[in-house]
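Let's take a walk through this chain, one piece at a time. Keep the 3D view open and follow along.

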Amino acid sequence: MNLPNKKIAVFRREHFNAAHRIFNPLWDDKKNAEVFGKCSNPNYHGHNYELVVKVVGERDPETGYVIDMKRLSVITEEEVLERFDHKNLNLDTIYFRDLNPTAENIAMVIYDLLRKRIDEKLELQVRLYETERNYVEYPA
Ligand code: NI
């Protein structure tokens, strides 16, 4: 059967828990609390992050895959979960020493980590849920 050579999207969903504090080090605790609310609690707090990795491209003629999902799972495990799961994003990782760990910034860091492991002919998009109702997508 002849199918058109069209792009198709595949998705891998992952989950990690991490703690963070969102704050601007140039501001005092009072101003941080005013701007960032509970997410600026000085003693940190946790989120159950849901990550959806989207890969878009044409199917490989030999496999019928856009990308081997097992490989995508391993890449996500190695690049994201091993770095961030059960970690304090501010203190335990190098990425948020000077970068506020907002969902926006976390998603952009995750994108960069995954991008270098995925064939450049494939498009990549990262969706990160910080709560059930709040999520970000990059690239937009
Ligand atoms: Ni938070």
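Start at histidine 20, which counts as buried because its relative accessibility is 0%, and the cut-off for buried is under 20%. Keep in mind as you look around that this is a predicted model.

So what does His20 do with its NE2 atom? It coordinates the nickel ion, together with Cys39 through SG and with His45 and His47, each through NE2, at 2.0 to 2.1 Å. The angles among these 4 donor atoms run from 93 to 129 degrees, and the site is tetrahedral. That label follows because four donors count as tetrahedral if all angles lie between 85 and 135 degrees. For comparison, the ideal angle for four tetrahedral donors is 109.5 degrees. If you like to scan sequences for patterns, the spacing of the donor residues reads H-x18-C-x5-H-x1-H. Two of the donors also link distant parts of the chain: histidine 20 sits in strand E1 and histidine 45 in strand E2, 25 residues apart.

Now zoom out to the whole chain. It has 4 helices and 5 strands, and from the N terminus on they run β-α-β-α-β-α-α-β-β. Along the principal axes, the C-alpha atoms fill a box of roughly 65 × 25 × 25 Å. Of the 140 residues, 39% are buried. Among contacts with a separation of 6 or more, 66% are between residues 24 or more positions apart.

Next, the sheet. In which order do the 5 strands line up? The order is E3-E1-E2-E4-E5, in an open sheet with mixed pairing. E3 and strand E5 (135-138) are at the edges; each has a single partner strand, so one side of each has no neighbour in the sheet.

Take the two edges in turn. At the E5 edge, E4 and E5 pair in the antiparallel sense over 4 bridges, and a hairpin joins the two through 5 residues. One bridge to look for there puts valine 126 opposite tyrosine 138 in E5. At the other edge, E1 and E3 pair in the parallel sense over 2 bridges.

Lysine 87 is a good way into that second edge. This residue lies in strand E3, which covers residues 87-88, and is the bridge partner of alanine 18. Is lysine 87 buried, exposed or partly exposed? It counts as partly exposed, because its relative accessibility is 28%. Leaving aside neighbours within four places in sequence, lysine 87 is in contact with Asn17, Ala18, Ala19, Glu82, Asp92 and Thr93. Its side chain also reaches the backbone oxygen of glutamate 82, at 3.3 Å.

From lysine 87, move to phenylalanine 16: the C-alpha atoms of the two are separated by 9.2 Å, although the residues are 71 apart along the chain. Phe16 brings you to the largest nonpolar core, which has 30 residues. Along with Val55, Phe84, Ile110, Leu114, Ile118 and Leu128, Phe16 is among those with the most contacts inside this core. Strands E1, E2 and E4 and helices H2 and H4 each give two or more residues to the core, and H4 has the largest share, with 8 residues.

Finally, look at what surrounds Phe16. Not counting residues up to four places away in sequence, its contacts include Val80, Leu81, Phe84, Ile110 and Leu128. Phe16 also touches His47, one of the residues that coordinate the nickel ion, which brings you back to the metal site.

How values were computed: Residues numbered from 1 in each chain as written. Predicted model: local features only at pLDDT ≥ 70, side-chain atom pairs only at ≥ 80, totals over all residues. Heavy atoms only, no water. Core = buried A, V, L, I, M, F, W, Y, C linked by side-chain atoms within 4.5 Å. Buried < 20%, exposed > 50% of the residue type's maximum accessible area, 1.4 Å probe, protein only. Contact = heavy atoms within 4.5 Å. Polar contact = N/O pair within 3.5 Å; in protein donor to acceptor, adjacent residues only side chain to side chain. Donors = N, O, S within 2.8 Å, 3.2 Å for Na, K, Ca; no water. Tetrahedral: all angles 85-135°; square planar, octahedral: opposite > 155°, others 65-115°. Pairing = 2+ DSSP bridges.
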